[in-house]
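This report describes the fold of one protein chain, beginning with its sheet and ending with chain-wide totals. The sequence and structure are shown first.

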Amino acid sequence: MDPVNRPEEAWRLWGGRPAAVERDEAEDLVRAKMRIVVFGANGRMGAEVCQAVGGQADCEIVAGIDLGDPREAGLSADVAIDFTHPDTVMDNIAWCVDHGINAVVGTSGFTPERLERVRSMVGENPRVGVLIAPNFSIGAVLMMHFAAQAAPYFDSVEIIEAHHTAKADAPSGTAAATARLVAEARSRAGAGPVPDATTHETPGARGAEIDGIRVHSLRLPGLIAQQEVRLGSAGETLTISDDSRSRASFMPGVLQAVRWIGSHPGLTVGLEPVLGLSQGR
Ligand SMILES: NC(=O)c1ccc[n+]([C@@H]2O[C@H](COP(=O)([O-])OP(=O)(O)OC[C@H]3O[C@@H](n4cnc5c(N)ncnc54)[C@H](O)[C@@H]3O)[C@@H](O)[C@H]2O)c1
């Protein structure tokens, strides 16, 4: 038995721990909590995140930052959580990567080009992990997963998303991600284009087209986030639907991502790897 490699045994042989060491260990335990900075802390999602993270025994919020606050207040953080605005999120990510702070990002508006820019930022500091998820609701992630599984078996797929009227971007990041996953699954399976005989169209009537999949956006007060994926073939339709009724629905996914990101450097897109789901299959 080697007491040097067995600290408990060593303290017993040496007659107990000095009080100073006990104090240091107590401080280490407090420090072992993950330190979190929340960007967009005064927003609807940010406020919910502060409440959820603040209630976790293994996390502490070192700073809640909103418009006009200096980001430096979050310099001691291990993980940043960002629910801000598509116009500011890229700067926030660049700041996190530059300062070696892992980031869990829910802000929407990520195009493939933006993701490529984040990938190259992370490439310059490969110790840092950045997770960008268009949707942290576990129900919504499963809805996307099931939609991609079902898509090759039907002739047609269309997506309808509905959100509150304060949403800045359309279609939602979730709807765009679903369309891409569905299109990829269909292409892998060798499915042809979705049939559509429309020749006369009032602009926008058939929605936006993302990788050949039509996406329709509704904006209504009273909603948080809803999405339906409708699939159709001869004589039948299948509807896969998810309804986030309160912002609390996003918190289990955010917390799982916060605990996961520290051991997963690089860029991760989507909550699927955190949940152990393979994307789009
Ligand atoms: N991924 C998901 O699961 C998910 C779920 C809901 C919302 N969202 C997205 O999250 C984002 C925020 O949504 P919301 O409803 O909370 O919006 P919100 O407008 O209520 O909150 C955004 C907050 O960010 C602040 N902000 C803006 N720029 C900032 C900056 N540079 N630094 C710090 N704070 C800044 C604003 O002042 C505001 O308080 C949106 O892009 C929304 O689409 C994602």
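## The open sheet

In this predicted model, six strands form an open sheet, with parallel pairing and the order β2-β1-β3-β4-β5-β11. At the edges stand β2 (59-65) and β11 (266-269), each of which pairs on one side only. On average, neighbouring strands of this sheet are turned by 20 degrees against each other, direction ignored.

## Pairing of β3 and β4

Strand β3 (residues 79-82) runs parallel to strand β4 (residues 102-105), and four bridges join the two. Within this pairing, Val79 stands opposite Asn102 in β4.

## Helices packed on the sheet

Helix α4, spanning residues 89-98, packs on the sheet and touches four strands: β1 (34-39), β3, β4 and β5 (129-132). The direction of α4 makes about 155 degrees with that of β4.

Helix α5, spanning residues 112-124, also packs on the sheet, where it touches β5 and the edge strand β11. The direction of α5 makes about 150 degrees with that of β11. Strand β5 is thus touched by both α4 and α5.

## The chain as a whole

The protein chain contains nine helices and eleven strands, and six of its strands belong to the open sheet described above. Of the 281 residues in the chain, 36% are buried.

Among contacts in the protein chain with a separation of 6 or more, 73% are made by residues 24 or more positions apart.

Methods. Residues numbered from 1 in each chain as written. Predicted model: local features only at pLDDT ≥ 70, side-chain atom pairs only at ≥ 80, totals over all residues. Pairing = 2+ DSSP bridges. Axes fitted to C-alpha atoms, helices over the stretch in contact; angles between N-to-C directions. Contact = placed C-beta atoms within 7 Å. Buried ≥ 20, exposed ≤ 12 C-beta atoms within 10 Å, placed from the backbone.
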